[in-house]
Amino acid sequence: MHILIIGAGGMIGRKLAVELSRSGSLGGQKIERMTLADVMTPPSPSGIGSVEAMAADISEPGVAETLAALRADVIFHLAAIVSGEAERDFEKGYRINLDGTRALLEAIRLEGARQHYVPRMVFTSSVAVYGAPLPDPIPDDYVLAPLTSYGTQKAISELLLADYSRRGFIDGIGIRLPTIVIRPGAPNAAASGFFSGILREPLAGQRSVLPVKDTVKHWLASPRSAVAFLIHAATLDTSGLGARRTFNMPGVAATVAEQIAALGRAAGAEAEALIDRKPDATIEVIVSGWPKSFSPEKAASLGFVAEKSVDELIEVYLADDAPKAG
């Protein structure tokens with residue numbers, strides 16, 4: 001089996017590569033080869049017989065064709081410009097998040113036209129495909145009406161994934177990831193970054209900025225769960241899925257206040273005191289249009305699982321990603 005991870009340099013991509021390398025198999029098949037691609041050459045884990053890491057921007061001419069010509073059995077398409085950056089840089093967001101995805105799908109279609117080739121593609125979408133006003137929780141069949149450029153780019157890509165799957169060019173599965181908490185490392189440009197920041201930095205004894213009200217509620221899952229979602233999606237039997245190919249993933253519905261309370265239980269009142277409340281009107285507007293919670297019945301029926309509480313999210317971070325003393 002040959003695995004291609006596009007966006008392998010990102011946090012989830014790196015973790016996915018490490019997990020696949022550790023297990024050495026996917027869906028009961030031995031992984032013989034793994035190709036890792038990102039705009040900057042990503043790190044290569046050990047454990048797989050052949051691992052190639054390469055710099056590749058799927059929005060650049062010819063790159064999607066090069067990747068499709070590898071004829072990987074499973075393609076994980078994780079490459080994206082995050083929400084805050086996509087909103088600030090309109091052209092870049094559409095070039096990477098939409099044009100790059102379309103170029104990749106077209107390259108796969110044309111590769112298959114030359115000689116039969118229908119790979120499994122797992123695409124990471126986002127709960128940003130929904131926009132207010134929203135029910136709480138959101139059912140699986142609720143209308144997609146994004147209120148950000150990022151959400152629009154992801155929604156269009158979901159439709160492309162479904163259509164290319166319907167036509168038999170790919171065997172696609174889309175997963176709408178909750179906001180990933182707690183993200184390790186430095187903050188990123190995502191509008192949702194504070195959901196991790198108000199836990200990660202105080203747990204390390206550092207100050208963190210909270211740009212929204214304590215009453216803001218959102219849908220969360222850990223990096224560990226995100227990797228498990230991807231692997232499970234890659235091994236699903238898709239024969240009975242029908243035309244709908246993208247699903248809401250399970251997660252934890254929590255307010256900012258509930259996050260802070262869990263922080264206090266894990267690290268005490270002194271950790272809570274490290275959060276500085278500094279309202280940011282731009283982020284407040286973006287986040288106000290996001291979902292608060294879901295009823296992901298289809299995903300649950302397909303075997304996807306996640307954490308049940310913010311306390312569990314903190315436990316996962318402390319076990320997997322928190323800097324170790326000494």
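Modeller: Two strands count as paired if DSSP finds at least two bridges between them. The model is predicted.

Biologist: How do you know that strand β4 and β5 pair?

Modeller: Strand β4, residues 33-38, has six bridges to β5, in the parallel sense. The cut-off is at least two bridges, so the pair qualifies. One bridge joins aspartate 38 to alanine 55 in β5.

Biologist: What makes β5 and β13 edge strands?

Modeller: Each pairs on one side only. The open sheet has seven strands, in the order β5-β4-β1-β6-β7-β9-β13, with parallel pairing. β5 covers 50-55 and β13 covers 246-248. Neighbouring strands of this sheet are turned by 15° against each other on average, direction ignored.

Biologist: Which strands does helix α4 lie across?

Modeller: Helix α4, residues 90-114, lies across β1, β6 and β7. The helix runs at about 165° to β7. Angles run from 0 to 180 degrees between N-to-C directions, so a value of about 165° is close to the upper end.

Biologist: Why is arginine 71 called partly exposed?

Modeller: Its relative accessible area is 25%. Buried means under 20% and exposed means over 50%, so arginine 71 falls in between. Arginine 71 sits in the loop between α2 and β6. Its phi is near 55°, a positive value in a residue other than glycine.

Biologist: Where are cis peptide bonds found?

Modeller: One joins aspartate 136 and proline 137, with omega about 5°. Proline 137 is in the loop between β7 and β8. Another runs from valine 181 to isoleucine 182, with omega near 10°. Isoleucine 182 lies in the loop between β10 and α6.

Key. Residues numbered from 1 in each chain as written. Predicted model: local features only at pLDDT ≥ 70, side-chain atom pairs only at ≥ 80, totals over all residues. Heavy atoms only, no water. Helix = DSSP H or I, 4+ residues; strand = E, 2+ residues; numbered from the N terminus. Contact = heavy atoms within 4.5 Å. Buried < 20%, exposed > 50% of the residue type's maximum accessible area, 1.4 Å probe, protein only.
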